[in-house]
Amino acid sequence: MTARILDGVALGKTIRAEVAAEVARLAGNGRKPGLAAVLVGEDPASAVYVRSKGKATEEAGMYSETIRHPATISEADLLAIVDRLNADPRIHGILVQLPLPKHMDSEKVLRRIDPAKDVDGFHPVNVGKLVTGDRTAFRPATPYGVQQMLMRSGIETKGAHAVIVGRSNIVGKPMANILIQQGPGGDATVTVCHSRTRDLPAVTRSADILIAAIGKAEFVTADMVR
């Protein structure tokens, strides 16, 4: 089998066009979707992510709101912002950019988001739905995007051995849960690798589908792919 790298740029443009069409349909029926992004602090990478999300939201024709606060904001004040967004009928999705300052309990903040507006899929309600195969769950964007890449590229996941390098709650774990579900884009046999995995290259070479989910460019080298 020859290794194949999937390029998501063109696919991303296609999906964004589909989203824009659906947004236009909803807006035409008086239900314009709205997304709020909350950024705390001055982390450069986080600022880029939030700016990108806001731009994509506006390009899709959605209502976009970006809320920025310095790292000195109190946890109580941040929770109050989340409460306001939960109650705002213009907002259908809430993203709290991570990481948060060290004086805040990230889990407490994420759990404060209404599960029906938790488009990151981090709330325990949505995590539980994902694990049990409930299709109404919000799925974390990166692993869901990977699944869409596989399906739209004609990559069969049914019965395939998928190896995921990384076990984060944001990418690795939800990626595994998505691929083991029954139905299209699932039914894979999944192995999750991490920093304690023995002979990692041997495991990755056994993969039909290899997904690097550790946020480190060029971590996977040629000798790790069959």
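This passage walks through the helix packing, salt bridges and nonpolar cores of a predicted model.

Helix packing comes first. Two packed helices are described by the angle between their axes and the distance between the axes. Helix 1 (residues 8–28) meets helix 6 (residues 141–152) at an angle of about 100 degrees, and their axes sit 11 Å apart. Since 65 to 115 degrees counts as roughly perpendicular, that angle makes helix 1 roughly perpendicular to helix 6. On the helix 1 side, the contact is made by G8, L11, T14, I15 and E18, while helix 6 brings in Q148, M149 and R152. Sorted by class, the contact is a mixed bag, with three nonpolar, three polar and two charged residues.

Turning to charged pairs, the structure holds nine salt bridges. One of them joins R84 to E65, with the closest N and O atoms 3.2 Å apart. R84 belongs to helix 3 (residues 75–87) and E65 to strand 2 (residues 63–69), so this pair ties together parts that are 19 residues apart in sequence. The two partners see rather unlike surroundings: R84 is partly exposed, at 40% relative accessible area, whereas E65 is buried, at 14%. The pair does not stand alone, as E65, R84, D88 and R90 are linked in a network of salt bridges.

Helix 3 also has salt bridges to helix 4 (residues 106–112), and two of the nine can be described here. In one, the side chains of K108 and E75 meet at 3.3 Å, N to O. K108 is in helix 4 and E75 in helix 3, so parts of the chain 33 residues apart in sequence are tied together. K108 is partly exposed, with a relative accessible area of 41%, but E75 counts as buried at 17%, because the cut-off for buried is under 20%. In the other, R112 pairs with D83, and their closest N and O atoms are 2.9 Å apart. This pair again links distant parts of the chain, with R112 in helix 4 and D83 in helix 3, 29 residues apart. Here both partners are partly exposed, R112 at 36% and D83 at 31%.

Next, the nonpolar interior. The largest nonpolar core has 19 residues, and those touching the most other members are V38, V40, L78, L85, V96, L100 and V109. Strand 1 (34–40), helix 3, strand 3 (93–96) and helix 4 each give two or more residues to this core, and helix 3 gives the most, with five. Thus helix 3 turns up both in the salt bridges to helix 4 and in the largest core. As for V40, leaving aside residues up to four places away in sequence, its contacts are H69, P70, A71, I73, L78, L100, P101 and M104. A second core, separate from this one, has 15 residues, including L130, L150, I178 and I211.

Finally, a look at a loop residue. P184 sits in the loop between helix 7 (172–180) and strand 5 (189–193). With 63% relative accessibility, P184 counts as exposed. Not counting residues up to four places away in sequence, P184 touches Q147 and M151. P70, one of the residues that V40 touches, lies 114 residues from P184 along the chain, and the C-alpha atoms of the two prolines are separated by 43 Å.

Conventions
Residues are numbered from 1 along each chain as its sequence is written. This is a predicted model: local features need pLDDT of at least 70, side-chain atom pairs count only at pLDDT 80 or more; totals for chains, interfaces and linings use all residues. Side-chain values use heavy atoms; hydrogens and water are left out. Axes are lines fitted to C-alpha atoms, for helices over the stretch in contact, and angles run from 0 to 180 degrees between N-to-C directions. Helices (H or I, at least four residues) and strands (E, at least two) are DSSP runs, numbered from the N terminus. Angles under 35 degrees count as roughly parallel, over 145 as roughly antiparallel, 65 to 115 as roughly perpendicular and the rest as oblique. Contact means heavy atoms within 4.5 Å. Ala, Val, Leu, Ile, Met, Phe, Trp, Tyr, Cys and Pro count as nonpolar, Asp, Glu, Lys and Arg as charged, and the others, Gly among them, as polar. A salt bridge is a side-chain nitrogen of Lys or Arg within 4 Å of a carboxyl oxygen of Asp or Glu. Buried means under 20% relative accessible area, exposed over 50%, partly exposed in between (1.4 Å probe, protein chains only). A nonpolar core is a set of buried Ala, Val, Leu, Ile, Met, Phe, Trp, Tyr and Cys residues joined through side-chain atoms within 4.5 Å.
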